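Got your viewer open and a selection box ready? Let's walk through this one stop at a time.

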Amino acid sequence: MKKSINILLAVCFAFFFAACSDDNEEARTPEINVTFDKTNLLINESMELHVSGVADQVVVFTGDKGHEYELRKESNTGFPVNKGLFTYSYATPGTFHVVVVASTYDTFLGNNIKESIKEFDVTVIDDVTTIDQIYTAITPNIYYAELVNDKDWVLCLPTKYLYNNKEVKVNATKQRLNFEIVSDSSKIFIDNEPYKSNSYYNLTVAHDIQVLSDAGTTRDYKLYVPIYPEFSSVKAEGVTGKLTRDAYFQDLQTYTFELPDGTDKTKVKIEYATDSDAKFYAGGNEVPSGSTIDLTNENTEYTLIRTLEENPAVRAVSRIVFAY
Amino acid sequence: MNKIFGKLLLFGFVLSLTACDDFLDKDVLGRATDETYYDTQYKMQSALDAVYDVLQSDSYNDQEWRFGEACADDVLGTDEGLSSQMGQLVNFRFNTSNTWILQRWNVNYKGIHRANQVIANIGKVSISTNQNSAYTAIRNILGQAKFLRAYYYFNLVKTFGGVPIRPEIEDVGNLVVPRSTKEECYAYIEKDLREAIITLPAIYPVEQLGKATRGAAMALLMKVLMYQATPGVPSQKWEEMKQFGEYFIDGKPMTIQQVLKYDGSEDWEALRQRLWFKPQNLLTESDPYEKPETSLDYISGAYSPMVGIYSLAYQDYYGAPLHNGDKYSYVYQWYGDGEFCRGSVFEVVFKESADGSSGDTNEGAGIEFFDVGTVKIYCTNDIATKLFGTDVRRQYLIAHQTTTPDGEIWQGGEGRQVSLKWYTPKKDKPKFAGDNGRNRRIIRYVDVVLMYAEALNECGDREGAIKNLNLCKAQVNTINASTKLYVAGGYGFVRDQIYEERHMELAFEWDRFFDIVRQGRAAKVLHTFGANRYNSRGLYFRPGVNEIFPIPQTEIDVSNGVVEQNPGY
């Protein structure tokens, strides 16, 4: 028995020496190959990296803010690659230094790391010159411009609007403008001056607008701000019409005539003068002052149209309703 | 000895040839398979319960608030650092392997898979009676499954854009399904919801409350249409929304043909039978026969038109004022007293797994936001001022060391505020096994009215839009006897007032992020928000890219690229 215990002890003793044998395997040398589909990108355009080879972990430092390899010890991080494919896009223009770090470990979990690094530069350009929307907010309403061709924006304004049952005059000489453009890097110039969101602009005149992209491309636009035309005076059978504005539609004007009893409303002589060179149309046909119209025909659409002489694409159309 | 050994070897060899006889392939008696299980209404109901079950799970609700609320501008989070997956998500600094993005993908597909089980197998049900009510019961199950499948797909499409539409019957040999386009997905969702509308009743008997109704399907369809339309751009989707609003809110009649957009391409009787309307050849004199021109309110199973069911008033299911009609009646819409209240269109209930004994006290309602020390998202005074201004609804935020309506002191941290919509009153907290947690309101009637108002404005009826908008505001005014209402104006002004009211009324209901995205102003809102934050959260939102999230990288990898990534990721 004693002999057996001694043998066991001897075996244990031998194991004691053997237990700490150097099982640790040195980290393999990582060998990776990185291919990418493009190094010249537009903003928000996807870049594809394909990683192959031998590594325990692959991390991509994309080189933009928060992901710079040089600042990895100052809380900048890389993105781990799951399998062989990594996709990414950049939010800002510039040249970015992409670093792909492949690591392998020994069996002591990181005590002995071997790294292999592949690096290259990516150039991202921002070339947006398209304006998506132009508008001005004149409390309480928002007036949107319409792009009538590749170049001309038309922003129609009323002379007055109805708010809480009160008529309020629009001061077109001093209003702010708002531009919606998808890129933060593009610059806008109005009449060759840099646009400022808190500056006031005189909207009674047309403005030249230029967009300069970060990549240096420019695009020219023109902003026209015609006023919705109105009758400066309008009479039906000699009775003066009274204008009522619509709180919901700033292009809609209702003129009410208190016609005497017995008036034939199917043949009403209409006499008018407009506040400008606008023309009056009934169902698309011009109606000169002094013509006869049928007030009872509800299907007829009456409009006052002002067209800019030097650019016929620029029009302001007021919808007219006659009440009696 | 060798001879015996040789015989044994030979015997073993023979046995080895016979071991794989097909006696192992025989079905175990008494054990249901997916081929034999779905044969009764009750088994289909149990399969349907499993579809609902996903909605009350932590994994579902967890990603609902992370995306719908934490990514937006009404809350701050306790986990906004870029070192965590959550921090990367809410900062829009994630990559395609983000954990939460994968979870949102997985949990919704889990729901879809379960709904597909019901829809694919509903034809296997056999009924032993010719009663019309038996057909109605099966039809209602089918309708609920279609509603839920549409709901899960909608979650995916508004998060990822077009996604793979899984076949109803999965084939293990063909598991990789490419993405459908966003338009194809929306068409699929719309079809489900339109069929759900005509297969679901307007209301259930009191013991069945919680099941998806026609109102739920129609409200969701209105939302799906709204997400497809663009503000400021005339569209058939706005027109259809308006039509559903006229039925839902104004009580105007609507036919089955209008709901389904039935064009005769599918045989009418085949369609009826597919949706479990009683076959024409089995009808008795007392049974209804639904035609395309039949009014929606006369479908068997409907008990009353919509206008009699829902209300903006803060009333319980029976029409009694909540919390005696005092100022807390508003917030009691979210509590136990307000379950299935007149303002609730769809909420999550089912208590099977919301088991108080498990330690998870309130599945489906997110109590963790409210608990001391565990609050994950919270509001601040600055945000509340920006959100509510002087509106009375601001008082339903509760600050550090103040008391809840039922007297609990909340200590969530200095400077933090949380919504009482997230609170569970003491008397509603589950205590014992079998108690159910507080329901989460998913669609509310006020949302439907505001959607209707928005559709009217987009269709040019600004006066109607303001009228419906003010219905909502007038109800809020009952809290503090305010007379402030929204006022008439042009398109943009009316639209912005609707947005403002949506923001205040639906605040903290986990929908804000998706709402500003579909309004087309997520970048503007989040950039403004991020510019005032020390960590710039929101400033990195990239217009044209971050409106949708990336397809989880694992899906790209396992499909070997068949499932394609979204642009910009």
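Here is a tour that goes from whole chains down to single residues.

**Before you click anything**

Keep in mind that this is a predicted model.

**Stop 1: chain B as a whole**

Colour chain B by secondary structure. There are 18 helices and eight strands in it. Chain B has 569 residues, and 47% of them count as buried. If you draw a contact map, take the contacts in chain B with a separation of 6 or more: 68% of them come from residues 24 or more positions apart.

**Stop 2: the domains of chain B**

Now select 38-200 together with 521-562 in chain B; the domain assignment calls that domain 1, and 252-298 is domain 2. Note that domain 1 is written as two segments. Put a distance between the C-alpha centres of domain 1 and domain 2 of chain B and you should get 30 Å. Where they touch, domain 1 of chain B contributes 11 residues and domain 2 of chain B contributes 10. On the domain 1 side, look for α6 and α7 (182-199) of chain B, each of which supplies at least two residues. That side of domain 1 splits into five nonpolar, three polar and three charged residues.

**Stop 3: α6 against α8 in chain B**

Stay with α6 and select 132-160 of chain B, then add α8 at 214-228 of chain B. Their axes come within 11 Å and cross at roughly 25°. That angle is why α6(B) counts as roughly parallel to α8(B). The crossing of α6(B) past α8(B) is left-handed. To see the contact, show side chains on α6(B) for B:Phe147, B:Ala150, B:Tyr151, B:Phe154 and B:Lys158, and on α8(B) for B:Ala216, B:Ala217, B:Leu220, B:Val224 and B:Tyr227. How do the residues of this contact divide into nonpolar, polar and charged? Nine are nonpolar, none is polar and one is charged.

**Stop 4: α13 and α14 in chain B**

Next, pick 445-458 (α13) and 462-480 (α14) of chain B. This pair packs at an angle of about 160°, and the axes are 7 Å apart. So α13(B) and α14(B) are roughly antiparallel to each other. Here, too, you will find a left-handed crossing, with α13(B) passing α14(B). From α13(B), the contact includes B:Val446, B:Val449, B:Leu450 and B:Leu456, while B:Arg462, B:Ala465, B:Leu469 and B:Cys472 are among those from α14(B). The residues of the contact of α13(B) with α14(B) come out as 10 nonpolar, three polar and one charged.

Before you leave α13, click B:Tyr445, which is part of that helix. Is B:Tyr445 buried or exposed? With 24 C-beta neighbours inside 10 Å, B:Tyr445 counts as buried. Skipping neighbours within four places in sequence, B:Tyr445 is in contact with B:Tyr310, B:Ser311, B:Leu312, B:Gly343 and B:Val345. For a sense of scale, add B:Trp105: B:Tyr445 and B:Trp105 are 340 residues apart in sequence and 28 Å apart in space, C-alpha to C-alpha.

**Stop 5: backbone oddities**

Most residues other than glycine have a negative phi, and most peptide bonds are trans. Three spots are worth a click with that in mind.

- B:Gln401 has phi near 65°, a positive value in a residue other than glycine. B:Gln401 sits in the loop between β4 (397-399) and β5 (402-403) of chain B, and it is exposed, with 11 other C-beta atoms within 10 Å.
- B:Phe508 also has a positive phi, about 65°, although it is not a glycine. Find B:Phe508 in the loop between α15 (491-505) and α16 (512-518) of chain B. B:Phe508 is buried, with 24 other C-beta atoms within 10 Å.
- In chain A, the peptide bond from A:Thr139 to A:Pro140 is cis, with omega near 5°. A:Pro140 belongs to the loop between β9 (133-138) and β10 of chain A.

**Stop 6: chain A and where it touches chain B**

Now that you are on chain A, colour it by domain: 24-125 is domain 1, 133-224 is domain 2 and 231-323 is domain 3. The C-alpha centres of domain 1 and domain 3 of chain A are separated by 70 Å.

Finally, select the contact between the chains, which takes 22 residues from chain A and 26 residues from chain B. On the chain A side, β5 (79-80), β6 (85-88) and β10 (141-144) are the elements that give two or more residues. That side of chain A has 11 nonpolar, 10 polar and one charged residues.

Conventions: Residues are numbered from 1 along each chain as its sequence is written. Chains are lettered from A and ligands numbered from 1 in the order in which they are written. This is a predicted model: local features need pLDDT of at least 70, side-chain atom pairs count only at pLDDT 80 or more; totals for chains, interfaces and linings use all residues. Axes are lines fitted to C-alpha atoms, for helices over the stretch in contact, and angles run from 0 to 180 degrees between N-to-C directions. Helices (H or I, at least four residues) and strands (E, at least two) are DSSP runs, numbered from the N terminus. Angles under 35 degrees count as roughly parallel, over 145 as roughly antiparallel, 65 to 115 as roughly perpendicular and the rest as oblique. A crossing is left-handed if the near helix is turned anticlockwise from the far one by less than a right angle, and right-handed if clockwise. Two residues are in contact if their C-beta atoms, placed from the backbone, lie within 7 Å. Ala, Val, Leu, Ile, Met, Phe, Trp, Tyr, Cys and Pro count as nonpolar, Asp, Glu, Lys and Arg as charged, and the others, Gly among them, as polar. A residue is buried if 20 or more other C-beta atoms lie within 10 Å of its own, exposed if 12 or fewer, and partly exposed in between; C-beta atoms are placed from the backbone. Domain bounds come from an automatic or database domain assignment.
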